[in-house]
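Thanks for coming, everyone. I'll walk through one model today, starting at the ligand and moving out to the sheets. Have the viewer open.

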Amino acid sequence: MCGIVGYIGNKKASSILIQGLQRLEYRGYDSAGIATIEKNSIKIMKDKGRVNNLYNLEGIDNLEGTIGIAHTRWATHGKPSKDNAHPHYDNDNMFAVVHNGIIENYNELRSELIEKGYHFVSQTDTEVIPNLINYYYKQDKTKDDNKVLKAVKNACMDLIGSFAIEVISSESPENMIVVRKDSPLVIGKGYKENYIASDIPAILSYTKDFYFLNDYEFALLSRDKIKFYDTNLVEIDKPTKSIEWDSKGAEKDGYEHFMLKEIYEQPIAIRETIGTRLSNGKVIFDELDFSKEYLQSLNKIFIVACGTAMHAGIVSKTIFERLCKIPVEVEIASEFRYRDPLIDEKTLAIYISQSGETADTIAALKLAKSKGAKTLAISNVIGSSITREADYSIYTHAGPEIAVASTKAYTSQITLLTLLAIYCSEKLERADSDKITKLKEDLLEAPSKVEEVLKNTSQIKKFAKKVHKEKDMFFLGRGIDYAVSLEGSLKLKEISYIHSEGYASGELKHGPIALIDTGVTVISIMTDPKLVEKSISNVQEVITRGAKVLIVTNQDLENKGFELVIKIPEISTEISPLLSIVPLQLFAYYISKEKGLDVDKPRNLAKSVTVE
Ligand code: M6R
């Protein structure tokens with residue numbers, strides 16, 4: 001999705017802005033642009049295509065301004081083009097605006113502005129914003145110091161939809177104004193300079209102190225001050241939060257791709273997520289105050305998320321139900337929010353989001369909250385929107401995840417959900433204590449077992465090379481391995497553009513086996529000792545029909561005549577996904593690399609999906 005960067009200080013803004021945009025490239029985009037204030041007037045430079053193209057624009061080197069805004073656009077309204085790229089001017093070139101999100105009533109606003117004599121040069125929804133600001137600015141006959149802020153506020157109150165907006169103005173050339181509603185934006189505080197970005201990694205090398213805006217809070221920035229206002233333009237106080245992330249986390253650090261680096265960072269991400277939550281045999285969540293009575297009162301847990309985060313939810317359903325004996329439903333956020341689910345105060349609703357900015361997940365959380373359920377957010381990003389909406393928030397400690405294809409966030413989410421299930425179960429006293437002790441031991445051993453898996457990559461690389469030209473693949477599993485098969489399949493689709501399906505092994509015979517033919521590639525995950533024999537039978541069925549099979553297992557299946565068996569260490573079935581997903585992530589990675597694709601920024605995808 002679109003990315004925003006802003007700078008106000010004493011340094012040349014253009015280079016800081018372009019570097020910031022490069023750090024946001026992973027979010028996905030098709031055009032880019034910047035605007036700076038040059039001797040009290042605004043200069044916009046933008047183009048279709050990569051951020052790097054900005055360096056070739058004539059005059060870009062002559063920009064001297066120290067205040068500026070920048071944007072990478074992921075086209076929604078209007079095709080990717082220079083005219084549709086942000087920033088956008090108003091008709092008098094007094095205001096420049098960049099915007100993330102969607103203005104749902106832009107057609108009405110556009111018609112009203114056209115009636116008032118305004119014209120438009122782009123097809124975007126965004127262009128109504130600078131013109132609305134222009135309109136309100138001209139209507140205001142006062143000489144108020146905050147006249148631009150007032151105009152921005154009035155314009156924003158007319159907008160329906162989602163937005164994170166940066167505004168600079170020739171009428172107030174020493175300031176910048178930002179505001180957000182349902183779209184991410186952070187403010188980084190520096191010394192006599194301040195930064196804006198859609199997400200933290202873009203400006204992490206400049207500051208670790210951040211402000212997080214709530215919906216409809218306005219920030220008026222100057223070089224050495226930031227003032228915050230509510231919708232009545234009454235000044236409000238906001239604390240800064242310090243982010244512990246190391247800026248190195250947002251660099252490739254010698255790896256060819258962020259995805260590979262993040263796959264290899266999983267042992268540390270799991271360790272960090274366990275952190276001090278599990279020590280001396282005790283699981284502690286200081287952020288939670290769930291009493292035994294409250295947990296006993298629950299008749300349902302919803303786990304709601306999108307994509308990989310939802311797959312982490314599917315994995316954890318098993319452990320929650322086994323340990324807590326509470327029914328768990330895992331739902332896709334975009335479905336949940338519109339299907340009128342049965343929710344009341346006896347429901348605990350858990351939302352998982354790496355970015356904490358996924359529009360559907362946030363909307364699904366608001367729904368459950370409005371129906372009286374307690375809401376708990378699991379995110380990787382401190383201060384992200386979802387954590388500000390939820391009753392409770394707990395964090396994974398995966399560090400910045402830059403590659404679009406999520407890897408370390410997934411394993412960290414499973415780790416945290418496992419700890420959460422143990423925490424609830426110990427309060428409820430509903431599970432066998434030996435079982436819980438074993439899970440805790442295994443969780444602590446998981447990082448070093450993932451390290452072992454990561455040492456054994458040559459076979460996967462070879463198999464990826466062999467099958468990289470295939471058009472279709474199947475990932476099969478039973479029980480918790482089925483949950484992993486869904487994630488393995490998503491990884492492959494996302495970065496290799498090979499069609500694949502994750503399927504429950506036992507369901508194969510009910511239809512999809514018709515697609516198995518000579519040469520079709522099948523990846524089978526078998527980690528649950530109770531289900532291995534059944535999975536082997538399913539694999540035999542596809543081998544008989546000519547499939548090439550890769551098996552990922554913790555059982556002794558080598559030398560049993562299968563084409564390729566990747567052996568992973570043994571661990572409790574409930575947390576085996578922490579290990580079994582790793583070969584599948586690497587498989588997708590090596591195929592994508594073999595095909596020469598853009599591993600970290602796959603086509604059409606965005607890291608954070610901040611619109612519905
Ligand atoms: O930031 P979130 O965890 O809310 O993102 C959810 C999905 O958009 C995300 O997991 C997506 O499926 C990834 N590209 C998967 O690799």
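Two helices each put at least two residues into the shell around the ligand: α8, residues 307-324, and α15, residues 480-496. Of these, α8 gives the most, with three residues. Keep in mind that this is a predicted model.

How many residues surround the ligand? The count is 13. The closest are S353, Q354, S355, T358 and E494. Now sort the shell by class. Seven residues are polar, four are nonpolar and two are charged.

Next, the polar contacts. Three of them go to oxygen atoms of the ligand, so let me take them in turn. The side chain of S353 brings an N or O atom to 2.6 Å from a ligand oxygen. At S406 the partner is in the backbone: an N or O atom there lies 2.8 Å from an oxygen of the ligand. K491 uses its side chain, with a polar atom 3.0 Å from a ligand oxygen. And the cover? On its own, the ligand has 410 Å² of accessible area, and the protein covers 91% of that.Now the parallel sheet. It is open, with five strands in the order β19-β18-β20-β21-β22. Why do β19 and β22 stand at the edges? Each has a single partner strand, so one side of each is left without a neighbour in the sheet. From one strand to the next, the twist averages 20 degrees.

Zoom in on β20, residues 347-353, and β21, residues 374-379. These two strands pair in the parallel sense over six bridges. Within that pairing, A349 stands opposite T375 of β21. S353, the residue with the 2.6 Å side-chain contact, is in the range of β20.

Helices pack on this sheet too. Helix α12, residues 408-428, touches β20, β21 and β22, and its direction makes about 160 degrees with that of β20. Our ligand helix α8 is here as well. It lies across β18, β19 and β20, running at about 175 degrees to β19.

On to the antiparallel sheet. Seven strands form it, again open, in the order β5-β6-β7-β8-β12-β13-β14. Which strands are at the edges? They are β5, residues 88-89, and β14, residues 235-236, and each pairs on one side only.

Look at β6, residues 95-103, beside β7, residues 161-169. Nine bridges join them, in the antiparallel sense. One bridge sets I102 against S162 in β7. Helix α3, residues 128-139, lies across β5, β6 and β7, at about 125 degrees to β6.

There is also a set of shorter pairings to click through. β9, residues 186-189, pairs antiparallel with β11, residues 209-212, over three bridges. There, G188 has F210 as its bridge partner. β11 also runs antiparallel to β15, residues 241-242, with two bridges between them. F210 turns up again, this time with K241 in β15 as its partner.

Last, two backbone details. Most residues other than glycine have a negative phi, and most peptide bonds are trans. Where does the model depart from that? The peptide bond from H86 to P87 is cis, with omega near 0 degrees. P87 sits in the loop between β4 and β5. Then there is N280, not a glycine, with a positive phi of about 50 degrees. Its place is the loop between β16, residues 278-279, and β17, residues 282-283.

Methods
Residues numbered from 1 in each chain as written. Predicted model: local features only at pLDDT ≥ 70, side-chain atom pairs only at ≥ 80, totals over all residues. Heavy atoms only, no water. Near = heavy atom within 4 Å. Polar contact = N/O pair within 3.5 Å; in protein donor to acceptor, adjacent residues only side chain to side chain. Areas by Shrake-Rupley, 256 points an atom, 1.4 Å probe, with all protein chains shown as cover. Helix = DSSP H or I, 4+ residues; strand = E, 2+ residues; numbered from the N terminus. Nonpolar A, V, L, I, M, F, W, Y, C, P; charged D, E, K, R; others polar. Pairing = 2+ DSSP bridges. Contact = heavy atoms within 4.5 Å. Axes fitted to C-alpha atoms, helices over the stretch in contact; angles between N-to-C directions.
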